[in-house]
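Reader: I am new to this structure. Please take one strand, go through it closely, and then set it beside the other parts.

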Amino acid sequence: MVLENQDNRNLWEKIGDFFSANSIWMKWYCTGCGAIELPPTMTSRFDMERLGMGPMATPRQADVLLITGYLSSKTLRRVIYSYEQMQDPKYIVAFGSCTINGGIYYDSYATINQLDKYIPVDLYIAGCMPRPEGIMNAFADLITMIKKGQANGWRHYQENYEWYKQNQLDSLKEVIIHDEFHE
Amino acid sequence: MMNSMNNIIKQIDDVLTITNSEIITNRQFAIDINSGDVHQSLAYLKSIGFTQLSILTCIDLIANNEFQLIYILNNWELGLFVIVRTIIPRDNPAFVTIINIFPGAKYYEREVHEFFGVTFEGNDSYSKPLLLEIWDDIPPLRKDFDPQVYSDSKFPKRDLDKIYRSKIGGVD
Amino acid sequence: MTVMNFVYGFIVLLAAFIFQTALTGVNRKVTARIQKRYGPRWYQQFLDIFKALRKGSITHGWVFDFGVIMALGGIMATVIFIPVAGFEAFPNMDNVFVISYLLAVGMLGMAMSAAGSGNPWASIGVSRALTNMVAYDVPLMIVIFTLIFAFDTASVSEIAAMQQGMGVLGWNAVRMPLGGIVAFIALFGMLGKKPFDSFIAPAEIASGPMVEYGGKHLGFMFILHELMTFIEVSLILSLFFGGGSSILVYAIKYAILYTLVNIISQVMPRFKIDQAVKFFYRVPLVFAIIQGLVVIFLGWGVSVWF
Amino acid sequence: MTLITVLITLLTLAAVTYLLSLVNSKLGAYFTIVTSLATIVMLFLIKDSIGQSYSLSFFTFKLTTVGWYFSMVMVTVYFTTAFLNPFWIKKMIYPAAYNLFFLVSLIGTIGMFFARDFITLFICWETVVWTSTFIIQMGKSRKSSYVYYVVSAIGSMVTLFAMMLVYQVSGTLEISTAFSALSGQPVLALIVFFTFILAGLSKIGIFPFHVWLPMAHGSAPHTFSPVLSGGLVKMGAFIAYLSVTAFAAYEVFANTFTIMGIPAPLYIIMVLGAISIVVGTVMAIRQDDAKKLLAYSSVANGGYILIGILLYDQIAFAGGMLHLISHALASATAFITIAIVAYRTGTTKMSELGGMIHRMPVTYTVYLIAIISMAGIPPMGGFVSKWLILQGLADRGLLFLAAAAFFGSIGSFMYVFRPLSAVFLGQLAPKYEKIKEANIMMQIPMYLLTIATLLVGVFPNVVLRVIADIQLEAGIQEIVLVGNTIVVSNGVLDALRVFIVFGYGFLIALVIFILRRKSRRVTLMDTYTSAEFIHTPELLHYSSNFYAPFERLTKKPYPVLNLYEKVSIKIKEIGHMAESLFSSSKPAITIFWIIIVFAIFFLGGVL
Amino acid sequence: MKEVKLFLGPQHPGMHGNYSVHMYVDGDIIKKARPTPGFLHRGFEKLMERRLWMGNLALIPRICVVEPDINEMVYAQGIETLANVEVPEKAHWIRMLILEMARLAIHIMGLGGIGGPTGMYTITYWAIAQRDLILDLFEEITGARVYHMYIVPGGVRKQLPVGILDKVSKLLDELDVKIPEYKELALKHPIIHKRIKDNIMLPADVVWELGVTGIGMRSAIGKEYDLRKVQPYARYDQVEFDVPIANYSDGLTRMNTKYKEIFQSIRILRQVIEKMPKEGEVRTRVSTGSALRWTVPAGMVYSAIESSRGEYGYFIVSDGKEMPYRIAVRGASFPQGLLGIEKYLVGHRIDDASLWMDTMGVCSPEIDR
């Protein structure tokens, strides 16, 4: 994603971005293996709360959606649904190689290969899986990005909604599926 | 230990009609059974101490146009595994459920149906999707299913300038 | 009732909010230290609230908005009535029943708004919150009833004033030890601290009533929670721990009381809601009644050190 | 204008209504509104002549403040409920009879509140009982009207016995003088007290007579349930009032064993009141039918009224009397809203409803205000009255009564919230997608009652001044009212100021809310479902077993009902025996045996 | 009675991992439960057929995220059986070291995990920080924190670093002191007892019906059915350890069994450190030639070991080529995670659902694969 250099936010937006940057609540949706490195990141060893981050129970409350690794198409539907339930400004941090290009599962029939075709990703963390230090570092980067007003994935999603929707439908056929779960 | 296993195989051989038996390790042996005898064999094995169904799975023997169903039973008392194998035809694969012998097989059978398309008569929920959602291709674990093709057609990849890929087998 | 009363009221409101929010932030740090970590900045709670207010939000219909406003309005009104170290924005309005029932407006508003979201988790959370209220409030109200009988006044500031001048010995919690225990335990229930937080239990009901709030609604809930904490701790502090002769003493005592509750709650798992009811009706209720009987029939604890 | 004129006018109007209803039942139903409105007007007209006595053949009346107050409460409820009559009249089996009974029961209550002698009291009482019995059985079930009648009959028969006893001793039927003859005879006084108050207890639904309330309220026609709960139940409070004023229980029992300054007999009745608060609350929490829930809440609130009135002092008595009106208004409102929901949807079962707010916002708001009052939350009427009762209890140190009162008032949050959540909030089922809001005619009573509730809550002193007059009339210390402030010995309450500060808080919150970004409207189904998809609103509406954990704690076998059932089975057995005797194939034989038995009996007497 | 449909997961704080249970609830009692797996389905069994025997080494640890080493072990063990390879003595001991350290790590995490559903987060924070110190040692030995790829067919990838054994024994000494603290804090807490004692039962007949193994089985039937004892692999027959058992499998008993297993692991590790050969090879060649040309003789084998949740096994079929013909994975929590939920979560309260998942040890990635 091209980062816009010029800063055309007004003062209120800057203040708002300051608050957003320093208080990031994450919707920790364990979509994949990267989630195993989140407990250490959250708990006493690395203590994510120092950055003002904390886990939240529902997407309505959360600011950032962590895609912790590969996404099966079944999960991607839920991720899109969750993402659309979140309130803007909202950010997505994608963990690991799998979200970038499918990683080790590049030829799997069940997992997607490129996440940013379906939802806008603000920040990728490379690695399989990213270490807690890497995650912390990424969060620090995200904070800087938000402060500078560069984490605009959610705006991009709104502006290119059709494109994203089309990609989603191409890969998933349906997003909000109507199958009432095998009953 | 080897002796006790041999005794067991002998005992089984006396009672059941086994087409073939194979000793894999000193704690593990495999028996081949005609598909019609599977249920009584499993029931018998359960009665002599193979009380736990460890896994129920299937192998796609595409060369013979057959499926091989695998039932692995565990005898905790003796520390023995038995691999019960049976062959069913690959076209219109159908078999009868074993949930009245091993209730735990319910979801294994669902999974085998989903991965190979084997139907299990008597298991009322075998045909429901388990791991996959809105699956629109042949069952994925059959040998003639190519996940790479499926993935390429469904899930677009990042356009990279150059793709490095090694040839399988090590020789380019 | 002049304009100045409203101005004072607003000042109390603002001061209460800032003080309690800062204290919550500090207590997040205390919690972090118990959990062997560094913890957030002390002003993190402010950032969180303002961030939430800044975000976009959704609404499920007018009652979803109205309930939130009604809740915060009711709680704000209650805060205005709270006497702080003898200072009252509206004199003679600090009746303990008024405060505790006006508090219920906030509860009702929140419950209404949560149920209005149409989410079953929220409804379950509300049903638990109301059950929790029945659990802790009855023993607490009986002890407060005993106080009113003993001091012949229902004014919080007067009850607080009567405990002063004798040091620790004057505190109602010391004069009426059983009542003090009940009040202290009930404070956990009021604040929704563990072990009585089953109504927001994330692992069970995904944060219960809060489940659908985001953005400004959630910000309102946070403000509401801070103010409600202020009301509840103030109430217990004034009624049982002697209030404060000056703002400073009040603030220090307040901080100690709140931090103590927080520390204890960190090593507590949560009760199921019916276990909480059973607990409150098995121990504190009996204590409260014994305390009431002692005060009413024996008169112990009313005049200082009988 | 005299009371007699009023009563005769009303009787005439009732007759006119009946005749009109025979022609056109809907017109007659509209006429019930007119008649009840006329009653209000006339009651205001006769207010000045309070203190006078009237007589009409053997009926004697006395115009008292307390009677006027009770009548006003009653008529308000009747008047507002009458607005619903036109919409339900078609569903009644006997529409004309319904209209007639509706008005006659109103007249009966008014006559009863002004009665000066026992005969008048009893006849008016019985009129109300009979007319309401007939109305109740036009509703869902016939059994409930039997239960209602049996409980009422037990009460009134025992009360009749008390009246006879008093007459035997004193030789007069006039209420105020007759009781004074008992002062020297404590045992007799005790019997008279308990038997006399029994009618009141049975009517107000005090434990253990509360069984009829949920049955009758639950199955009465929707238009009559508000009257039953808001109005007729309060007749029992009048009996309780008589027992402390005319009977002067405090003086009569002054020498008996006292508990915290209260004579033991009175304390026993109050404990019954406290038990009914607890039982009513617990049972209300467990109901699934909204009307039954409200009926049980009436049981609980009846307990408050009873305790308040029986305390007979400056504070709690005023609270009890005020609770009379605030509960009457709130309860009638709640029943009316449920009636309207039932009118639109056809059910009062909470588990079948949901999301009505999206179709009936006015009804919802009205219900909300009613329950705020019912739960005793400021700034509504119920708060002031509960505050007075609690302050009164605290003043006297009545710990156990207070414990019950606290439980009832906090428990009421639970049960009043349940219909709010299950009926009005939550997911709207597709089958109710096309429901419409109540029409204007139905909205009128809701507005009236809501305004009244709010007024009582914000300006309670208007009502309390009347109550102060009643206290003066009854000979106890009046409640002290300074401007808008209620001053009691252990606290002050300025309801207006509470309201203003609440408004101030609300305003601040509103301003912050409006200043922030506007929310995006989403559908109800777009909700947090742990990211799973669901398309069935009914499956997302949490309404049945709402308080399951609490309900499990209180799920004990229900002793009183079991006892009643056993008794009723025994009575049925006796009935069957008698039936089998007479309806056997050869009745002649039975009669022959009876003649023989009687003959022996009489001969035995002679011999 | 009207039922409400509630979803425990996939995105619910009470659900560990990406898994969903659809609950039909009346009041607060679960009337019907439907497990919905597949959110983590990556098609491993298909992918493994498309990778080289060697290439699969990178893939297999990712099947079970919380405890990856068991995958390496079963895979290596299976190939060794098929190819008839003798593993060097020292490698056996290093494997035991790795496996027991992994077991320690996941058990400590599981002990802390009780804090999540019951709300006592302090224990969770402590335990996970403690587990991180074990991961540090893993990093030193293998170079990775989570996915080690250390146990390879024919032995282990490389020698142990110098001085690591001292560090391990120092850690064990520390754990000896720390772990009882967790017991004081959590397993002895009266409120925790209220939550999980006599609750979340797993009777013996249910164990056999479902095929539950591991702690759930052993604390229900009271027999030492542990593959380490019953079919000793590596050098488990040369160390002394007890298998904690019980006859009454409620949530608390299972937690206590887990607690006792931690100390047995510590005991095994001490013996491993003591008995491990100081010198010696750690790896032999499985097949001739380049790793990309590895072939494994045709045949099939079921290779199973005792994981923290029970019997974990691979069914490996080789047709003698460079790639496996078929590998089927038996996830240890497959029985309780699917049929167990459907049949036995029913009747519990929604308060207990998350605790049920936790104490039964349901691990979603190994069910989905």
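Author: Two strands count as paired if DSSP finds at least two bridges between them. The model is a predicted one. With that said, the strand to look at is β1 of chain A, residues 24-29.

β1(A) has two partners to describe. One is strand β2 of chain A, residues 53-56, which runs parallel to β1(A) and is joined to it by four bridges. Within this pairing, A:Trp25 faces A:Gly54 of β2(A). The other is strand β3 of chain A, residues 64-67, again paired with β1(A) in the parallel sense and again over four bridges. Here A:Lys27 has A:Leu65 of β3(A) opposite.

The surroundings of β1(A) can be given residue by residue. Six of the six residues of the strand are buried, which leaves it mostly covered. Burial here is a count: a residue qualifies if 20 or more other C-beta atoms lie within 10 Å of its own. Both faces of β1(A) meet that count, with A:Ile24, A:Met26 and A:Trp28 buried on one side and A:Trp25, A:Lys27 and A:Tyr29 buried on the other. A:Lys27, the residue opposite A:Leu65, is thus listed among the buried ones.

A sheet in chain B can be set beside this strand. That sheet is open, has five strands in the order β1-β2-β5-β4-β3, and its pairing is mixed. β1 (18-25) and β3 (52-61) of chain B are its edge strands; each has a single partner strand, so one side of each lacks a neighbour in the sheet. From one strand to the next, the twist averages 20°. The edge strand β3(B) pairs with strand β4 of chain B, residues 66-75, in the antiparallel sense and over nine bridges. In that pairing, B:Asp60 has B:Phe67 of β4(B) as its bridge partner. Helix α2 of chain B, residues 38-47, lies across β2 (28-33), β4 and β5 (80-89) of the chain, and runs at about 170° to β5(B).

Next come the contacts between chains. Chain A brings 17 residues into contact with 28 residues of chain C. On the chain A side, these are three nonpolar, nine polar and five charged residues. Eight pairs of chains are in contact, and chains C and D share the most contacts among them. Chain B makes no contact with chain C, and the closest C-alpha atoms of the two lie 25 Å apart. Chain B does not touch chain D either; there the nearest C-alpha atoms are 13 Å apart.

Inside chain C, one helix pair can be described. Helix α5 (residues 120-151) and helix α13 (residues 284-298) of chain C have axes that come within 8 Å and cross at roughly 10°. The two helices are therefore roughly parallel to each other. Among the residues in this contact are C:Val138, C:Ile142 and C:Phe149 of α5(C), and C:Leu285, C:Ile289 and C:Val295 of α13(C). By class, the contact has 13 nonpolar, three polar and no charged residues.

Chain E can be described as a whole. Its secondary structure comes to 15 helices and eight strands. A compact globule of 369 residues would have a radius of gyration near 21 Å, and chain E agrees with this at 21 Å. Of its residues, 66% count as buried.

How values were computed. Residues numbered from 1 in each chain as written. Chains lettered and ligands numbered in written order. Predicted model: local features only at pLDDT ≥ 70, side-chain atom pairs only at ≥ 80, totals over all residues. Axes fitted to C-alpha atoms, helices over the stretch in contact; angles between N-to-C directions. Parallel < 35°, antiparallel > 145°, perpendicular 65-115°, else oblique. Contact = placed C-beta atoms within 7 Å. Nonpolar A, V, L, I, M, F, W, Y, C, P; charged D, E, K, R; others polar. Buried ≥ 20, exposed ≤ 12 C-beta atoms within 10 Å, placed from the backbone. Rg over C-alpha atoms; globule rule 2.2 N^0.38 Å.
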